[in-house]
Amino acid sequence: MLNDALTDTAMTLNRLLEQRQPALALVETGIVNHVGHGVALVEGLPGVQALELVEFQDGLFGLAFNLDPEQIGVVLLGASAQIAAGSRVRRTGRVADVPVGRELLGRIVNALGQPLDELGSLNITERHPIERDAPAILERAPVTEPLHTGIKVIDAAIPIGRGQRQLIIGDRQTGKTAIALATLINQRDSDIICVYCAIGQRGDAVALAIDTLRAQHVLPQSIVVTAAAEDPPGLQFITPYAATSIAEYFMQQGRDVVIVYDDLTHHALAYRELSLLLRRPPGREAYPGDIFYIHARLLERATHLAKGGSLTALPIIEIEAENLAAYIATNLISITDGQIYLSPELFHKGLLPAVDVGKSVSRVGGKAQLPAYRLVAGALKLYYAQFEELEMFARFGTRLDKKTLGILERGKRVREILKQHEHEALSPFQQIIVLLAVTEGLFDALPLPKIAQAELTLRAIVVKQLSDVGRRIENGETLTSEDRASILEAARQALDFGEAGGDRTNP
């Protein structure tokens, strides 16, 4: 019996060996000449192409960045301690790519698609290059659908449309990430896919953002792509491109996607570090000359496709000492379709979200805004601008006439109404009720400390009474003068009810 088994095994092995037809394959290899922090200089590889992946002998991948006649500058995508001068490196024949698919929903990965959570490996076969051409003009459609953030001041005064690129800019610790996360959280009852791309952030900050998404039940429809501050600069550099390729996969399926880049300041710093290490000629502030191009080619991929699907980009940029004219900031302001500026002065006064309406703008979002917002947006911006101008003069103790005092008092109430708690997302109808009431002066008789409670009462009562009007607002219908009058009448009754001491939130 043993002889039979051995004979069968030998026959099987012989058959397999006969079937195998080995073929010669040409593989270009090179030798590492120098290894620095995040980069390596390689000799050989005469046929390597720009941005092609190369593999070192211990499995570490790198990106061919500088193609000089004598040597190749390679950006490392892992720890450089694993390689040394004399190590072998070979071409892979493919550009850097990332796995894409529905399996990524709810996952936390790096730019190479490697899972960073505890949910096991990914079983994805489809991969897309991280660098792709932006959709052609004929494939694009105008921005016509709103992307609701749930934040009153943004949805009313600085609206964002699906497919828009809206910059969030401000000093350190002014609430930039909080606004971006609030926007993602407000999508939890919709079918919009959320992508949060963290670049060069501290580990605890990324963990806090992930915990927020998980606690607010948004993580199952979200993908987190992250490169921490301690990761190699090469990995930080490719992370936003990889996250965009993942988001584009869903856009091509006809889905609406919103992506947050947190933040592009660290991305620019990583690119500057790589360029200086590879001895590229420095330009202004030591950034390489193509720093504008790397951000333009990234953000140009955000669009609204004519065949359906959109990619809305919310890049974040950090500035110092309110310097909006900084190099990277001005680049991004000119690339994007508008900016939300967060003022440190408003932040320190506790006026949150600290959005400075006067310095913020949305160039295309107005066309995507729900028609009902037009009842309040113009008056809101006018009152707020008049108030900010007069408030400055009022500080000098100038004697003011009755009309000016009225504008100041109304402005204080508008600013009080624009306050909003973090992660408190309001529906468009709730926002329009309170904004219409404050611009029509219904809050003028209330002292400032009572505004917040009166707003709660107002929203609770009017939303319940005029649910049909709310439904029409959110369906994009234009409100009639009768609807406006009914909202104001209901608001007056609600405020009177609250003043009379009724149960404010449960009428």
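This is a guided tour of the structure, with a selection to make at each stop.

**The whole chain**

Begin with the entire protein chain in view, and keep in mind that the model is predicted. Its secondary structure comes to 15 helices and 16 strands. Taken along the principal axes, the C-alpha atoms fill a box of roughly 100 × 65 × 45 Å. The chain has 507 residues, and buried residues make up 52% of them.

**Residues 28-93**

Select residues 28-93. An unreviewed UniProt entry annotates this range as "domain: ATPase F1/V1/A1 complex alpha/beta subunit N-terminal". The selected stretch is 0% helix and 55% strand. Its end C-alpha atoms are 10 Å apart.

**The barrel**

Now display strands β1 to β6. In which order do the 6 strands of the closed barrel run? The order is β1-β2-β5-β4-β3-β6, and the pairing is antiparallel. From one strand to the next, the twist averages 45°.

To see one of the pairings, select β1 (residues 29-35) together with β6 (residues 88-95). These two strands run antiparallel and are joined by 3 bridges. For an individual pair, pick Ile31, whose bridge partner in β6 is Arg88.

Next, select Ile72, which lies in strand β5 (residues 72-76). Is Ile72 buried or exposed? Ile72 counts as buried because its relative accessibility is 6%, and the cut-off for buried is under 20%. Add Lys403 to the selection and draw a line between the two C-alpha atoms. Ile72 and Lys403 are 331 residues apart in sequence, and the line spans 71 Å in space.

**The open sheet**

Clear the selection and turn to the open sheet. It is formed by 8 strands in the order β8-β12-β11-β13-β14-β10-β15-β16, with mixed pairing. Which strands stand at the edges? They are β8 (108-109) and β16 (361-362). Each of these has a single partner strand, so one side of each is left without a neighbour in the sheet.

Start at the β8 edge. The partner to display is strand β12 (residues 222-228), which runs parallel to β8 and is joined to it by 2 bridges. Here Ile108 stands opposite Val224 in β12.

Move along to strand β14 (residues 310-318). Of its 9 residues, 8 are buried, so β14 is largely enclosed by the rest of the structure. Two pairings of β14 can be inspected in turn:

- Strand β13 (residues 256-262) runs parallel to β14, and 6 bridges join the two. Select Val257 to find its bridge partner in β14, Leu311.
- Strand β10 (residues 167-170) also runs parallel to β14, with 3 bridges joining them. Select Ile169, whose bridge partner in β14 is Ile317.

**Two cysteines**

Select Cys194 and Cys197 and show their side chains. How many disulfides does the structure hold? It holds 0. Cys194 is in no disulfide, and the nearest cysteine sulfur, that of Cys197, is 14 Å away. Cys197 is likewise in no disulfide, with the sulfur of Cys194 as the nearest, 14 Å away. A disulfide requires a pair of cysteine sulfur atoms within 2.5 Å, so a separation of 14 Å does not qualify. Cys194 is buried, with a relative accessible area of 0%. Cys197 is buried as well, and its relative accessible area is also 0%.

**Helix α10**

Select helix α10 (residues 377-394). At 1.5 Å a residue, its 18 residues should span 26 Å. The end C-alpha atoms are 25 Å apart, which agrees with that expectation.

Within the helix, colour Ala377, Leu380, Tyr384, Phe387 and Glu391, which are buried. Why do these residues fall on the same side of α10? They cover an arc of only 95° around the axis, which puts them on the same side. The general background is that an α-helix has 3.6 residues a turn, so residues three or four places apart point the same way.

**A loop residue**

For the last stop, select Pro447, in the loop between α12 (428-439) and α13 (451-465). With a relative accessible area of 39%, Pro447 is partly exposed. Finally, add Asp4 and draw a line between the two C-alpha atoms. Pro447 and Asp4 are 443 residues apart in sequence and 99 Å apart in space.

How values were computed:
Residues numbered from 1 in each chain as written. Predicted model: local features only at pLDDT ≥ 70, side-chain atom pairs only at ≥ 80, totals over all residues. Heavy atoms only, no water. Buried < 20%, exposed > 50% of the residue type's maximum accessible area, 1.4 Å probe, protein only. Pairing = 2+ DSSP bridges. Helix = DSSP H or I, 4+ residues; strand = E, 2+ residues; numbered from the N terminus. Axes fitted to C-alpha atoms, helices over the stretch in contact; angles between N-to-C directions. UniProt positions renumbered as here; feature names shortened; annotations may be inferred. Expected span 1.5 Å × (residues − 1). Arc of directions from axis to C-beta.
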